[in-house]
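Colleague: I am new to reading protein models, and I would like to learn how to go from the picture to careful statements about strands, sheets and contacts. Could we take the features in turn?

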Amino acid sequence: MTTPTVLRPSAETQYADELTALAATDDKPRPPQWRLSPQAVVRYVLGGTLSDGTVITPKYVGDRRLVEVAVGTLVTDRALLLVGVPGTAKSWLSEHLAAAISGNSTLIVQGTAGTSEEAVRYGWNYARLISEGPSEAALVPSPVLRAMRTGAVARIEELTRMPAEVQDSLITILSEKALPVPELNLQFQAIPGFTVIATANDRDRGVNQMSSALARRFNTVVLPPPATEDAEVEIVSQRAAQLGRALELPSEPPALDEVRRVVRIFRELRGGSTVDGRTQLKKPSGSLSTAEAISVVTSGMALAAHFGDGSLGADELAAGLLGAVIKDRVSDTAAWQEYLEAVVKERKEWRDLYRACRELDPA
Amino acid sequence: MARPLPGMPGAGPGVTKPLPDRVTLLGIRHHGPGSARMVRAALDVVRPQLVLVEGPPDADALIEHVGELIPPVALLLHDAADPADAAFWPFARFSPEWQALTWGARHNVDVRFADLPAGISLSREKTDDVDRVVVDPLGVLAEAAGFDDPERWWEDVVEHSSAEPTQLAAAVAEAMTALREEFADTVDERTLQREAWMRQVLRKALTEYDGPIVVVCGAWHVPALRELPAAKADADLLKGLPKRKIAGSWVPWSHGRLAATSGYGAGVASPGWYAHLWEYPTDTIPRWMARTSHVLREEGLPASTASAVEAVRLADTLAALRGRPSPGLSEVSEAALAVLCGGDDVGLRIVHEKLVVGEELGQVGEGVPRSPLATDLERLQKKLRLPASATEKNMRLDLRREIDRGRSRLLRQLHVLHVRWGEPDETSTLGTFAEAWTVRWDPGLAVAVAAAARHGATVEGAAEHVLVERAKSAETVAHAAEVLQEAVACELVGAVAAARAALDRCAAAATDALELLQALPALAATVRYGSVRGTDPELLRAAMHGLLARGSAGLPLACYGIDDDTAEVALSTLDKAHEAVILAADDDHSAGWWDALHRLVRTEPSAHGLPTGRATRLLWEDDRLDTEAVAIRMQRAVSTFGTGTSFVAGFLRGSAVRLAADPRLLGLVDEWLTGLPNEAFEDALPLLRRAISNFSAPERRTLAERVAQGGGPAVLIADDGDPERTARLVEFVRGLYEGARV
């Protein structure tokens, strides 16, 4: 493994060994410009052991079929849209797919309310434009355009946060696989291998609905929240441990019991009832995603490392939990209080957590 | 075909002979289109003289009608004496068994069934619960081949195979033989008996025919047929099995029913998909996607042809990615979900319902023998333009139109025969001339039709017969009245007369006024609305009035000296009878009813509180008893030990809405409460609490709001000179109501 000199190395750097090993053992046909065969991409994402003994770590914990549909979509040079609530590993999956297919996961357009058309199509180097007039040299390509020219995967994060008219500038790119530049009276045509992976969030506020013309040009894969508590616990502890390493936290990897507690609290509040189905709960307004559960655990780890005894406990979790659950001062506080009193207090082995939460917020 | 093979489980080596070469065994998967194709191709190659098909030999006589059927159809076989004891053997177009049957019909080749007769298996089903192969043979093979789903394995290896059909059959046989050896100890007795019977049929066929013979049976049974042990061993195995006389016919079947468990054991999860595979061996996936987008468009969901093209590409890619020879149902479904449905599984569910399962209903030609009742039913369906359809349909019948009246009559007569083809929607009132029905023909109703056949040769005759029988055996007035109501709805004159007679008979014998009154509701509706039906309403009116007169006379006495349970009955009878009187009784008899209520209220010593309280309220509501009198009556009830609770309960129960909406009633209760002297008030409170305890939470809330709004000042008027205490009391009462809030 390469020594991380950056805070978070991109997937193709971090898993360079695995990608090399996969490429070496891969004997299936590869589509044009693909670094790996589709089968090897699926294996890279889902994990497994290669014929030469290399262990591929699983990147995505979930339904194999979803990953196959995603890879199948990219093989047929259709654009892929990954939809799901926050924390369903949309961006994560998109990054790894791009890394495995093109060896480059950095051709990203980040969708925000302020994303302009230049970010999707092309911009101009104005100094050059003024001095030399419109020319190809004065054109500043967007990540999408660069992907088209190299036959790579372009990633668009949070597609639905972009204004609708910016989203629609993708239509020609996706259907004609070409980007006209009227100013130069030419058009760039994508070479084989070019495709787009977009992610979108269907739950949050402040999204712009996709036009149906654009939606038609995507194959949609809905990534569900983890189906079982165990699956979610696995995801949270795996990611938290990785992040802890990346942040060089001196604390121990999180104890499974603590992770399970966090996941259970999140699942119960998200679902509106306790796991045994006996108690009905108020649902807080936040989405309480797996990603937030991960951040509760990592911030707890950081607290434990720097201010505690190094091991993650109830005191460290309490602060993060409060922040994750209470997004709306009034209604969420009520929901959280109710949960504390009705559920946390009643569970004997959770006494420490109840006490810690009460100390923080003596209501 | 039949080469020397390893020994069969359970058979001795000495006497066992290999099957002659002229017998070809085709091991199939029931309802597998690939197997069906294999069977058809193999039959064309072998050109047998006789085809033996796994199925009940009792139905051999029905095979000749195959040409008149349009699948899906099913063999319905039932006990000749007890038609309700029945079993089905369904066939779809893509069933290998069906292909064998039709091949025989087309080529004038004899076809026989070769399984255990229904006469034996029907009794067996009853004694043993479920006997099935404990080991799933295909599951084991699929697992060995690295597949997670046996259906998919079979699809890949057999259904998608293009190998020469008889070679394919031989390969299947070999695999099964190996399996049977491994799992010899899991084969149960029933399976062994069935196979013994198959061998017996085969032996007989071998002596009768000297040409080639083809056996079409479940793959699992093939190894057991590859060698013939001594005939005596099989005969011993089958000795002493009870056998019953069986009758039956072909009945239409549906894809929806095929999806459920059937006579062949396993059901088919995706009959629509299989039918598609069978019908379109080429261009399978493009056609499927075209149909999918068509279904989605019909539902108003966007699904363009361009998207269908992309879906086909994705399905093909997925199949390649998974190393499958061609896309299966899971690939096409996943591709449709991603491309055509935009990841939203609502669309996919519609596709599943309409295409993957489908709602095709088969047809049975007119030449196929069936009970006279079934023939009559078909005639009526045609005449009334009400075809049996497997899809649910909501209908509104206007009884003034001849055809709709006929339809209503038919549906009701079928109800009497327990053939619940349609369900009347009683919740929506469409007035006197219309009825709402939900109609859906479930092929399983064929059993009910078969069972009803013993009652008569026509729907009308059978229904009349059933109703007359029920009328004869009626023992209570209410029961007889119910029969009468049904008979009128079915417009069966003979049954009406019989029910009338039964009603008179029961009424004459009845001594209990409550029993007489219980019959009123059933009659009242008919009297009120019966004129549309063409029966003489006068007849019923006279009957109802007779009951009412006698019931009214006996009412006070019937409510006197009864226990609490009986009082509950009395209360509900009183309520319903009252509704009936308001609905249908003429002035004279209504007057008699009011008089009865008066007498009930005045009876001394008091009758049971529940009906008395209710009668008091009914009288007061109709202004037949003034408020003063009611207040007195209430006060007295409270003062009488024991009856107070029930009186207040009878008075108030079920009146929550009225109490909240009618200021007069609320005022009355209010006045009564506030007028009570102190001790009496304290005594009354628990009674009141109990009386309103069965109001629902929202009702109590509404009531509490009403009291909170307007009740306060009214209570204050009841000032007995001690303002402090009054204020406390007001708080107390309010607390009582507030406590009732939830």
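**Strands, a contact and a sheet**

Modeller: Let us begin with a strand and its neighbours, keeping in mind that this is a predicted model. In chain A, strand β3(A) and strand β10 (residues 195-200) run parallel and are joined by 4 bridges, and within that pairing A:L82 has A:T199 of β10(A) as its bridge partner.

Colleague: Which strand pairs with β3(A) over 5 bridges, and in which sense?

Modeller: That is strand β11 (residues 218-222) of chain A, and the pairing is parallel; here the bridge partner of A:L81 is A:T220.

Colleague: How many residues of β3(A) are buried?

Modeller: A residue is called buried if 20 or more other C-beta atoms lie within 10 Å of its own. Strand β3, which spans residues 79-83 of chain A, is mostly covered, with 5 of its 5 residues buried. It also helps to ask which way the residues point: A:A79, A:L81 and A:V83 point one way, A:L80 and A:L82 point the other way, and all of them are buried.

Colleague: How many residues does each chain give to the contact between chain A and chain B?

Modeller: In general, the size of an interface is often given as the accessible area lost when the parts come together, but one can also count residues. Here chain A gives 20 residues and chain B gives 15. On the side of chain A that touches chain B, the elements giving two or more residues are α3 (38-46), α4 (64-75), α11 (212-215) and β11 of chain A. The largest share, 7 residues, comes from α4(A), and the residues of this side divide into 9 nonpolar, 7 polar and 4 charged.

Colleague: What can be said about chain B as a whole, and how many helices and strands are there?

Modeller: Chain B has 34 helices and 14 strands, and of its 742 residues 47% are buried. Among its contacts with a separation of 6 or more, 76% are between residues 24 or more positions apart.

Colleague: In what order do the strands of the open sheet in chain B lie?

Modeller: The order of the 3 strands is β6-β5-β10 (chain B), with antiparallel pairing. The edge strands, each pairing on one side only, are β6 (86-91) and β10 (246-252) of chain B, and the twist from one strand to the next averages 20°. Strand β5 (residues 73-79) of chain B is joined to β10(B) by 7 bridges, and B:L75 stands opposite B:W250 in β10(B). Helix α18 (residues 445-452) of chain B packs on this sheet, touching β5, β6 and β10 of chain B, and its direction makes about 40° with that of β5(B).

Methods:
Residues numbered from 1 in each chain as written. Chains lettered and ligands numbered in written order. Predicted model: local features only at pLDDT ≥ 70, side-chain atom pairs only at ≥ 80, totals over all residues. Buried ≥ 20, exposed ≤ 12 C-beta atoms within 10 Å, placed from the backbone. Pairing = 2+ DSSP bridges. Contact = placed C-beta atoms within 7 Å. Nonpolar A, V, L, I, M, F, W, Y, C, P; charged D, E, K, R; others polar. Axes fitted to C-alpha atoms, helices over the stretch in contact; angles between N-to-C directions.
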